[in-house]
Every structure is written in C-alpha cells, then in structure tokens.
Amino acid sequence: MTSDINILVVEDDEDINRLLCQMIDQANYRSQGAYSGTEAMLYVDQKEWDVILLDLMLPGKSGEDLIPFIRDKFDVPIIVISAKEGHLTKVNMLRSGADDYITKPFHPDEVIARIEAQLRRYRRTERKNQLTFKDIVIDLDTKQVMVNQKPVPLTAREYKILKLFLSSPKKMYTKENIFESIWGVDYYGDDNTVNVHMSHLRSKLAKANPKETYFETIWGMGYRLKG
C-alpha cells in the first residue's frame, strides 16, 4: 500500500530521474519528477512535499538557487544528489539550507535510507500535533482554534482555510489555490466565494485580538499571512 509521503525528484538526467522515481515508488512512497529548476519551482508552488531530492546542475535555475527559494516557502527536508564531490560544495549546500548531501554515483538503498532518516528527523522535531502562527494555535487533533488564548469558533471551511495558510506560513495563495484546495473543484473565477470566507475569517481573528493583523492582501494576486 502506497503511503501519503510525497517526494519531488529534481534531476535533469532522464535516466537518473526515472531510476530515483522507481526506487521511491518501490519503497511505497509517491514520486514526482521535475527535469529543470523552472519546472521544480512550479511544483513547489503547487503543493507541499515531504522530501525534495535536488540535483545542483539544472537547466533554467540551478539547485543552488532553488534551495533558498524552497526554504522561503516550506520547512521540508532537502537532500542534494550531485556529481560535485568537493568538500566546500557540500559544506556550502548544507549551510545554505540543504539537510543532506549524496554524491553520485549512489546506491539505491542509501538514497532510501537517507530519505527515511530525514522523515524521522523532521517528525521528531515537529511540535505536538499543532500549527501555530503569532498567537494563533490550531490543535489538529481536536480542530480547536485558539487566538490570544481564547477559543475562536470557525466554520468547517474557515478552519480549512486557516489550516492551509498555517501549514505554509510564508506562501502566498491565489484565490484559485484557496478555492481548489478547500472546495475540491475547479476554480471558475468565483472571487466572491473566497472573498466572503476570507472576510469572515479575518473578522473572527480580529475580534479575538484587535491589536494583531494576521493576513495581508496582495492586490491582483491573492493572500498571505502577515509576518
């Protein structure tokens, strides 16, 4: 049975990309291949990943440039897989935000072991089953939302919207992103549905703590949490 772990493989060599995806699938995880830095950026914007395998020498945008791009959006394990063997290259990648570094050629068992080690490490360092932002706390087990230490009753969709934003606190969501994630159907330009739910959510948060601002509107684009 395939798990719900999603792994993005960013590698421009088709044979290596295919091999890595096959290894991941055989280990009962879900793989997605990307063949350029530009394509990887699109996938990173589209969904959350549990692990990203990243080559450094990529067309469009290099792996070195992708690491800070990914780090700015998600707290996800990044494992560099590269033919670059230099000690300084490894050190620089780890300092720039990579979690591990595998040198080509690699052994399939080692790659899977490194993936599983990162999954364990990230799970250990996660907070108890909560999402937090400023003074907002979502208890994912009870689905209770606290703001400024006060319970805030939300509708099911308001809760899902807030959870979506807190899951990736640095990400900007378009109205299309929000609608398709929460309603689960294709977006047909119905701005009013998203606007109304966002307005109600913001109003309830503001009532719990009038001194704080949690969301900002990016005009013509969408919404994001206000840091």
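Let's start in β2, where R30 is the bridge partner of N6. That bridge is part of a longer match: β1 and β2 (residues 30-34) pair in the parallel sense over 5 bridges. Keep in mind as you look around that this is a predicted model.

Stay with β1 for a moment. N6, L8 and V10 point one way from the strand, while I7 and V9 point the other way, and all are buried. Since 5 of the 5 residues of β1 (residues 6-10) are buried, the strand is largely enclosed by the rest of the structure.

Now move along to an open sheet of 4 strands, which runs in the order β6-β7-β8-β9 with antiparallel pairing. The edges belong to β6 (130-133) and β9 (150-151), each with a single partner strand, so one side of each has no neighbour in the sheet. For β6, 4 bridges make the antiparallel join to β7 (residues 136-139). If you want one pair to look up, take T132, whose bridge partner in β7 is V137.

What lies across this sheet? Helix α6 (residues 156-167) does, passing over β6, β7 and β8 (144-147) and running at about 110° to β7.

From α6 there's a handy route to α8: the side chains of E158 and K204 meet in a salt bridge, 2.7 Å from N to O. E158 sits in helix α6 and K204 in helix α8, so the pair ties together parts that are 46 residues apart in sequence. The two ends of this bridge have their own surroundings: E158 is buried, with a relative accessible area of 3%, whereas K204 counts as partly exposed at 28% relative accessibility.

That brings us to α8 itself. The helix covers residues 191-208, 18 residues in total, and reaches 26 Å from its first C-alpha to its last, close to the 26 Å expected at 1.5 Å a residue. Which of its residues are buried? They are T193, V194, H197, M198, L201, L205 and A208. Those residues cover an arc of only 115° around the axis, which puts them on the same side of α8. The spacing makes sense, because an α-helix has 3.6 residues a turn, so residues three or four places apart point the same way. On the other side of α8, N192 and K207 are exposed.

Back to salt bridges: a search of the whole structure finds 12 of them. One of them joins E64 and K84, with the closest N and O atoms 3.0 Å apart. E64 lies in helix α3 (residues 63-71) and K84 in the loop between β4 (78-82) and α4 (87-96), so this pair ties together parts that are 20 residues apart in sequence. E64 counts as partly exposed at 25% relative accessibility, and K84 counts as partly exposed at 28%.

Another salt bridge stays inside one helix. R114 pairs with E110, the closest N and O atoms being 2.7 Å apart. Both are in helix α5 (residues 108-125), where being 4 residues apart separates them by about one helical turn. R114 is partly exposed, at 24% relative accessibility, and E110 is partly exposed too, with a relative accessible area of 31%.

Finally, there's a spot where pairing goes beyond two residues: E11, D55 and K104 are linked in a network of salt bridges.

Key. Residues are numbered from 1 along each chain as its sequence is written. This is a predicted model: local features need pLDDT of at least 70, side-chain atom pairs count only at pLDDT 80 or more; totals for chains, interfaces and linings use all residues. Side-chain values use heavy atoms; hydrogens and water are left out. Helices (H or I, at least four residues) and strands (E, at least two) are DSSP runs, numbered from the N terminus. The expected span of a helix is 1.5 Å times one less than its number of residues. Buried means under 20% relative accessible area, exposed over 50%, partly exposed in between (1.4 Å probe, protein chains only). The arc is that of the directions from the helix axis to the C-beta atoms. Two strands pair if DSSP finds at least two bridges between them. Contact means heavy atoms within 4.5 Å. Axes are lines fitted to C-alpha atoms, for helices over the stretch in contact, and angles run from 0 to 180 degrees between N-to-C directions. A salt bridge is a side-chain nitrogen of Lys or Arg within 4 Å of a carboxyl oxygen of Asp or Glu.
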